Structure formats: structure tokens, C-alpha cells
Amino acid sequence: MSDLFVSQGILPMLLQNSEPFDSRDYIFELKLDGFRCIAYLCAEETVLKSRNNKDITALFPELKNMHKCVNKRCVLDGEIVCLKNGKPSFSAMQKRAQIKSISKIKAYSALSPVQFVAFDILLLNGKTLFTTPQIKRKQILQKSVTEGFNLSISRYLEEKGVAFFNAVKAQNLEGVVAKRKQGQYFAGKRTGEWLKIKAVLKQDFLVCGITLNQQNAPKSLVLASEENGALKLCGKVNLHGKSNFRVVQNYYKNNSISTPYFMQLKGVLWVKLGLVASVSYTEFTTGGNLRHPVLQSLKINL
């Protein structure tokens, strides 16, 4: 198994969804809103691989010296994050990942540098640690890695997951990850060893339009909010559930209009304002759209 460092093909372990809970059998740490990354560190270099095992080292030159933080060859699992106002910003990370020009990459690495936050160690000096209990791997990580060169180590707490989740939600952060203390590492698999507890926001939005699928059935709702007497576009949310389909079809049948609210959108069936969608989401993107929207319920206010 020691040649895993040479092959550099480790896929990160995935997470299952959960609700907040307390447990002495789990540790709890902040869910970081960035890009998952497996880092291969040796005496000479740092190699970064994405969750799909693509080499992304060249995209983040500010992380090129992370190997100076270790004395032995190792593999770390972690998250690359870009901080804005002290909080991880996924939109900032997306922007960084889309830049291909070497000169622009260098410029952004200075203006908007990223951090690699390590939360697990998978291999150390030729020995794989997949079957080593999670809490022991955390201890090995702390002893084997020195913070610096844009590399930091994720902190965690024990037992009090609910209080931690509430504190995270109050700060408008993404959520919490719960990890079983005695859990092993299952590369590339989604298991109950790691659980993600996402802090979602919820809001009512005006439905101003409908999009159709290839079978001419309702596919998604165009959402807007009213701000200072003007209508503001907030993106779309997908429809699900037979009852929601019926509500939308009946509403469009009796309340369709021909004048668009937003000229830039094409292929939208516009409706009178009166259908309200309750939607959960994680945040607004820099473009003003909802991120990870999920339709919770519909109501008619005419």
C-alpha cells in the first residue's frame, strides 16, 4: 500500500447527510466551503489533486511550499478555501479555479490567496493510515504537520455537536462535519463515518415565471424578491412532487402574462405575482442567485 504515494490516486472519503446531534462517539468540526483536495507532500514538492483526482497544483502557486511543513512524506486530506471577510467564500474559490492564464493566476494568488486546511492524514512515511481510528489520525496529524506556508490544521471539539452547530449557523457559516472517533477512512466511498450537517437559510420568494422540460412539463420556477419597490431576480429552483406540479400548472393556466419581468431570460413562461415559494438555500452567490436552492412549499397569495 505504500506505493499509493507514487500512484497519487487516492479519492477522498465522502459524507452522508445528517441532522445536528450530540454524541461522545463523534468529534465535530467546521464544514469548510471550498474545494476538497488530497495533498501529496514530500521533501521536494507539493502535489495537489482534486476530488476527481485531477492535478490542480498549478492553479494555486501560493500552496507550492506546503511540503516544508512536514519532515516525512505524507498524504493529507483537506479543503482549499478562499477567505472573504474572515469566512470561506465558495464564489471566490470558483473564480480562482476558472482562471487559466499563468499571469492572472500569479496575480490572484497575491491578491486573493487561498489556504489549505488539513483535517486528515492518510499516509505517513510509507505507512497507510486508512484503518487507524479517526481520533488517532487526528493526533498523528497534529504531531506530523507544522502550520505555515498557507497550510493550517482544522480544529475540532467533542460531544457537543448541537451547540456547535447553532454557533456555526449564527455566524452564517456552511455547517458542521461529524466524524466517528473510532471510524476508519474509506477512500472514495460515502459512509456513516463522516456526516455533514448543513446550516441552511429559508426564505419566501415570488414566483414570476416557469420553465418547461422537453416534455413541456413544469421544470423550474423563476424566483424574485421585492426590494425598494423593485423586483430583483434571485435565480431558479427545481420543481419536485406531484402536488407541486399540479399547483404550478393550475396557477399558470389562470395567471399567465405575456410581458417579461426580466428581458435577459429566454424560454420562460411569465405569470402574475401571487404564487409564493418557500425555499431553503445556503447563500446568495456574488451574482445574486441562490446557491443550492431546494423548494420546500408553495402557497398562493392573490
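Start with the second largest pocket: its lining splits by class into seven nonpolar, seven polar and eight charged residues. Here Ala, Val, Leu, Ile, Met, Phe, Trp, Tyr, Cys and Pro count as nonpolar, Asp, Glu, Lys and Arg as charged, and the others, Gly among them, as polar. A pocket is an open set of points on a 1 Å grid over the protein atoms alone, where a 1.4 Å probe fits and protein lies on both sides within 12 Å along at least five of seven lines; lining residues have an atom within 4 Å of a point.

Before you click further, some ground rules. This is a predicted model, with local features needing pLDDT of at least 70 and side-chain atom pairs counting only at pLDDT 80 or more, while totals for chains, interfaces and linings use all residues. Residues are numbered from 1 along each chain as its sequence is written, and side-chain values use heavy atoms, with hydrogens and water left out.

**Stop 1: the two pockets**

Stay where you are and select Asp33, Pro88, Asn172, Thr282 and Glu283, which are the closest to the centre of the second largest pocket among the 22 residues that line it. The space there comes to about 450 Å³, a volume being what is filled by probe spheres set on the grid points, which are joined across faces, edges and corners. Strand 6 (87-88) and strand 18 (283-284) each give at least two residues to that lining. Strands (E, at least two residues) and helices (H or I, at least four) are DSSP runs, numbered from the N terminus.

Now pick Lys31, Gly34, Arg36, Arg51 and Glu79. These lie nearest the centre of the largest pocket, which has 29 lining residues and a volume of about 740 Å³. Colour the lining by class and you get twelve nonpolar, four polar and 13 charged residues. Which element gives the largest share of this lining? Strand 12 does, with four residues.

**Stop 2: zoom out**

Show the whole cartoon: six helices and 20 strands. Along the principal axes, the C-alpha atoms fill a box of roughly 70 × 50 × 40 Å. Of the 302 residues, 48% count as buried, meaning under 20% relative accessible area (over 50% is exposed, in between is partly exposed; 1.4 Å probe, protein chains only). If you draw a contact map (heavy atoms within 4.5 Å), then among contacts between residues at least 6 apart in sequence, 67% join residues at least 24 apart.

**Stop 3: the nonpolar cores**

Select Leu76, Ile80 and Phe116. In the largest nonpolar core, which has 30 residues, these touch the most other members. A core here is a set of buried Ala, Val, Leu, Ile, Met, Phe, Trp, Tyr and Cys residues joined through side-chain atoms within 4.5 Å. Strand 7 (114-124) is among the elements that supply at least two residues of this core, and its five make up the largest share. Expand around Leu76: beyond four places in sequence, its contacts include Cys37, Ile38, Phe116, Leu141 and Leu151. Another core, of 18 residues, lies apart from this one, with Tyr251, Leu275, Ala277 and Leu298 among its members.

**Stop 4: helix 4**

Highlight Gln134, Ile135, Arg137, Lys138, Ile140, Leu141 and Ser144, the buried residues of helix 4. What covers these residues includes strand 2, strand 5, strand 7, strand 9, strand 11 and strand 12.

Carry on to Asn150, in the loop between helix 4 and strand 9. Its phi is positive, about 65°, although Asn150 is not a glycine. Most residues other than glycine have a negative phi. Asn150 is partly exposed, at 22% relative accessible area.

Next, jump to Glu159 in strand 10 (residues 157-159). Glu159 also has a positive phi, about 75°, and is partly exposed at 35%.

**Stop 5: two serines**

Is Ser50 buried or exposed? Ser50 counts as buried because its relative accessibility is 13%. You will find Ser50 in strand 4 (residues 46-50), touching Arg36 and Ile56 once residues up to four places away are set aside.

Finish at Ser112, in the loop between helix 3 (102-111) and strand 7. Ser112 is buried, at 10% relative accessible area. Outside four places in sequence, Ser112 contacts Glu62, Cys82, Lys84 and Arg96. Draw a distance to Lys84: the two side chains make a polar contact of 3.3 Å. That term means a pair of N or O atoms within 3.5 Å, where, within protein, one must be able to donate a hydrogen and the other to accept it, and residues adjacent in sequence count only if both atoms are side-chain atoms. Last, try Thr131: Ser112 and Thr131 are 19 residues apart in sequence, and their C-alpha atoms are 37 Å apart in space.
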